[in-house]
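Hi everyone, thanks for making time. I'd like to walk you through a structure that may be new to you, so have a look at the picture first.

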Amino acid sequence: LKQAAATNNTNSNGTILDASVSDKQTANALFNLGWMLFYGMGGCVVNFKKSYAYFYDAATKYDHPMAYYYLGLQLRDGKGVDKNLLAAHDAFQTSMALVGSDNMAEPKPAADAPAQ
């Protein structure tokens, strides 16, 4: 998953990211946008392709553990991307490895998130 990640100030949706914002804040913002698109929360319409792009950026550019987890879900289920069980497994493994690291704290999804 990491091989296609770019290290510039734009995400895969073309949004320019503010260089003054910390990496952790940027990673969490990207994750939260992906999460809102994944569940259709906060006035967003469900869009799995866009959610995948935000999760991908948060995961590959910032090692965001929950972004890797959601990449795994989308790859496992073929939501917004072609189903790929091997890549899903790798994403889940990376997520688990990062949760135990000194990386960022695992964000908690909102209690009112709809069930899949």
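**A walk around H3**

Let's start with one residue, tryptophan 35, which sits in helix H1, spanning residues 23–39. Keep that one in mind, as we'll come back to it.

Before going further, a word of caution: this is a predicted model. So what does the chain consist of? It has four helices and zero strands, and from the N terminus on the order reads α-α-α-α. Of its 116 residues, 35% count as buried. And if you take the contacts between residues at least 6 apart in sequence, 57% of them join residues at least 24 apart.

Okay, on to H3, which I've picked as our centre of attention. It covers residues 65–77. That's 13 residues, reaching 19 Å from the first C-alpha to the last, close to the 18 Å you'd expect at 1.5 Å a residue.

Is H3 largely enclosed or largely open? Well, 10 of its 13 residues are buried, so the rest of the structure largely encloses it. The buried ones include Pro65, Met66, Ala67, Tyr68 and Tyr70. Further along H3 you'll find Leu71, Gly72, Leu73, Gln74 and Leu75 buried as well. And what covers them? The cover includes H1, H2 and helix H4, residues 85–99.

Let's take two of those neighbours in turn. In general, we describe two packed helices by the angle between their axes and the distance between the axes.

H1 goes first. H1 and H3 pack at about 30 degrees, with their axes 10 Å apart. At that angle they're roughly parallel, because anything under 35 degrees counts as such. On the H1 side, the contact is made by Phe31, Trp35, Phe38 and Tyr39, and on the H3 side by Met66, Ala67, Tyr70 and Gln74. Sort those residues by type and you get seven nonpolar, one polar and no charged. The crossing of H1 past H3 is left-handed.

There's our tryptophan 35 again, in the contact with H3. It counts as buried, because its relative accessibility is 10% and the cut-off is under 20%. Its C-alpha is also 8.5 Å from that of tyrosine 54, with their positions 19 residues apart along the chain.

Another residue of H1 to look at is alanine 27. With 0% relative accessibility, alanine 27 counts as buried. From there to alanine 67 is 40 residues in sequence, but 8.8 Å in space, C-alpha to C-alpha.

Now for H2. Here the angle with H3 is about 140 degrees and the axes are 8 Å apart, so these two helices are oblique to each other. H2 also passes H3 in a left-handed crossing. From H2, the residues that meet H3 are Phe48, Ser51, Tyr52, Phe55, Tyr56, Ala58, Ala59 and Thr60. Their partners in H3 are Ala67, Tyr68, Tyr70, Leu71, Gln74 and Leu75. By type, that contact has 11 nonpolar residues, three polar and no charged.

Last stop: the two ends of H3. Ahead of it, in the loop between H2 and H3, is aspartate 63. Its phi is near 50 degrees, a positive value in a residue other than glycine. Aspartate 63 is partly exposed, at 24% relative accessible area. At the other end, H3 is followed by glycine 78, and phi there is positive too, near 70 degrees.

That's my tour. Happy to take questions!

Terms used: Residues are numbered from 1 along each chain as its sequence is written. This is a predicted model: local features need pLDDT of at least 70, side-chain atom pairs count only at pLDDT 80 or more; totals for chains, interfaces and linings use all residues. Side-chain values use heavy atoms; hydrogens and water are left out. Buried means under 20% relative accessible area, exposed over 50%, partly exposed in between (1.4 Å probe, protein chains only). The expected span of a helix is 1.5 Å times one less than its number of residues. Contact means heavy atoms within 4.5 Å. Axes are lines fitted to C-alpha atoms, for helices over the stretch in contact, and angles run from 0 to 180 degrees between N-to-C directions. Angles under 35 degrees count as roughly parallel, over 145 as roughly antiparallel, 65 to 115 as roughly perpendicular and the rest as oblique. A crossing is left-handed if the near helix is turned anticlockwise from the far one by less than a right angle, and right-handed if clockwise. Ala, Val, Leu, Ile, Met, Phe, Trp, Tyr, Cys and Pro count as nonpolar, Asp, Glu, Lys and Arg as charged, and the others, Gly among them, as polar.
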